[in-house]
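Please walk me through this model in short questions and answers. Keep it brisk.

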Amino acid sequence: MKNLVLGFVYTLLVAGANPALAGTADIAGLRDGDMKKLVIHDAPQAASDVTFEREDDGEAMSLADYEGKIVLVNFWATWCAPCRKEMPQLNALQKEFGGDDFQVLTIATGRNSEEGIKRFFEEAGVDSLPRHQDPKQKLASQMGVFGLPISVLLDREGREIARLQGDAEWDSESARAIIAALIKEDAES
C-alpha cells in the first residue's frame with residue numbers, strides 16, 4: 001500500500017513538473033462519449049514537416065505555419081461518409097474557438113478535386129474551415145494516417161499531443177471542454 005501511495009505521489013509530482021504531461025492529464029478526465037476515442041500521448045511527439053497544398057492557390061504550407069496555436073488537424077476526403085457527418089461539427093468548433101489561439105485545419109488527402117471539395121463544403125454548410133489538400137498523401141503517410149477521418153491535436157509548439165481515429169462529435173460538450181482546457185492551459189504557460 002505504501003508503494004502504491006508513493007507511486008501516486010511521484011506521478012503527480014512528475015506531471016506537475018512537466019507542463020506538457022500535466023495538460024494532457026487534465027484533458028483525459030474531460031473525455032466523454034466519442035471523445036473517449038481520443039488517445040492522449042504520454043509526451044508530445046514531433047509532427048511531420050512535409051508540405052501540403054494551400055486552398056485555392058496550391059502554394060506549399062506545413063504544420064509549422066500554425067505554430068503558436070492549438071491546432072486540430074482533420075484528415076478527410078470527399079468520398080468519406082463519416083467525414084460528411086463530422087465536418088459541420090468541426091466548422092462549429094472553429095466558429096466558437098477559432099482565432100489567435102486555436103485553428104481547425106482540414107486537409108483533404110488523396111484524390112479530391114478542388115471543385116469536389118468546394119461542393120462538399122457547400123452541401124455540408126461548412127463556411128469557416130480551410131480547404132487544404134494533400135493529393136499525394138505525403139503528409140498523411142508521414143503522420144501515420146491510415147483510414148479516414150483521423151484528427152490530430154497539436155500543441156502550440158506544433159507537436160502532436162493526441163489523436164482520434166474515426167469520426168467524433170466535435171461540437172459535443174466534451175470536445176468543447178477539451179479544446180477550452182488546452183487553450184487556457186497553454187495561454188497560462
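**Salt bridges, a strand and a helix residue**

Q: Arg159 forms a salt bridge with which residue, and how far apart are the closest N and O atoms?
A: A salt bridge here is a side-chain nitrogen of Lys or Arg within 4 Å of a carboxyl oxygen of Asp or Glu. Arg159 has such a bridge to Glu157, with the closest N and O atoms 3.6 Å apart.

Q: Is Glu157 buried or exposed?
A: Buried means under 20% relative accessible area, exposed over 50%, and partly exposed in between (1.4 Å probe, protein chains only). Its partner Arg159 is partly exposed at 27%. Glu157 has a relative accessible area of 53%, so the label is exposed.

Q: What are the ground rules for this model?
A: This is a predicted model: local features need pLDDT of at least 70, side-chain atom pairs count only at pLDDT 80 or more, and totals for chains, interfaces and linings use all residues. Residues are numbered from 1 along each chain as its sequence is written, and side-chain values use heavy atoms, with hydrogens and water left out.

Q: What is the mean pLDDT of the chain?
A: pLDDT is the predictor's confidence in each residue, from 0 to 100. In this chain, 85% of the residues reach 70 or more, and the mean is 88. Over residues 1–22 the pLDDT is below 50. The chain mean, again, is 88.

Q: Which helices does the salt bridge between Glu96 and Arg176 link?
A: The two side chains meet at 2.7 Å, N to O. Helices (H or I, at least four residues) and strands (E, at least two) are DSSP runs, numbered from the N terminus. The partners are 80 residues apart, and the pair links distant parts of the chain: helix H3 (residues 81–97) and helix H6 (residues 173–188).

Q: What is the relative accessibility of Arg176?
A: Its partner Glu96 counts as partly exposed at 42%. Arg176 is partly exposed as well. Its value is 23%.

Q: How many salt bridges does the structure hold?
A: One of them joins Asp57 to Arg54, with the closest N and O atoms 2.7 Å apart. Asp57 is partly exposed at 43%, and Arg54 is partly exposed at 34%. The total for the structure is 13.

Q: How many residues of strand S7 are buried?
A: In a regular strand the side chains alternate between the two faces of the sheet. In S7 (residues 150–154), Ile150, Val152 and Leu154 on one side are buried, and so are Ser151 and Leu153 on the other. The buried count for S7 is five of five.

Q: Which residue of S7 is the bridge partner of Val71?
A: Two strands pair if DSSP finds at least two bridges between them. Strand S4 (residues 70–76) and S7 run antiparallel, joined by five bridges. The partner of Val71 is Leu154.

Q: Which residue in the turn between S7 and S8 has a positive phi?
A: Five bridges join S7 to S8 (residues 159–165), and the two run antiparallel. One pair is Ser151 with Leu164. The strands form a hairpin with four residues between them, and the residue with a phi of about 80° is Gly158.

Q: Which residues are in contact with Ala140, leaving aside its neighbours within four places in sequence?
A: Ala140 sits in helix H5 (residues 138–142) and is buried at 3% relative accessibility. Its C-alpha atom is 7.4 Å from that of Phe75, 65 residues away along the chain. Contact means heavy atoms within 4.5 Å. The partners are Phe75, Thr109, Asp134 and Val145.
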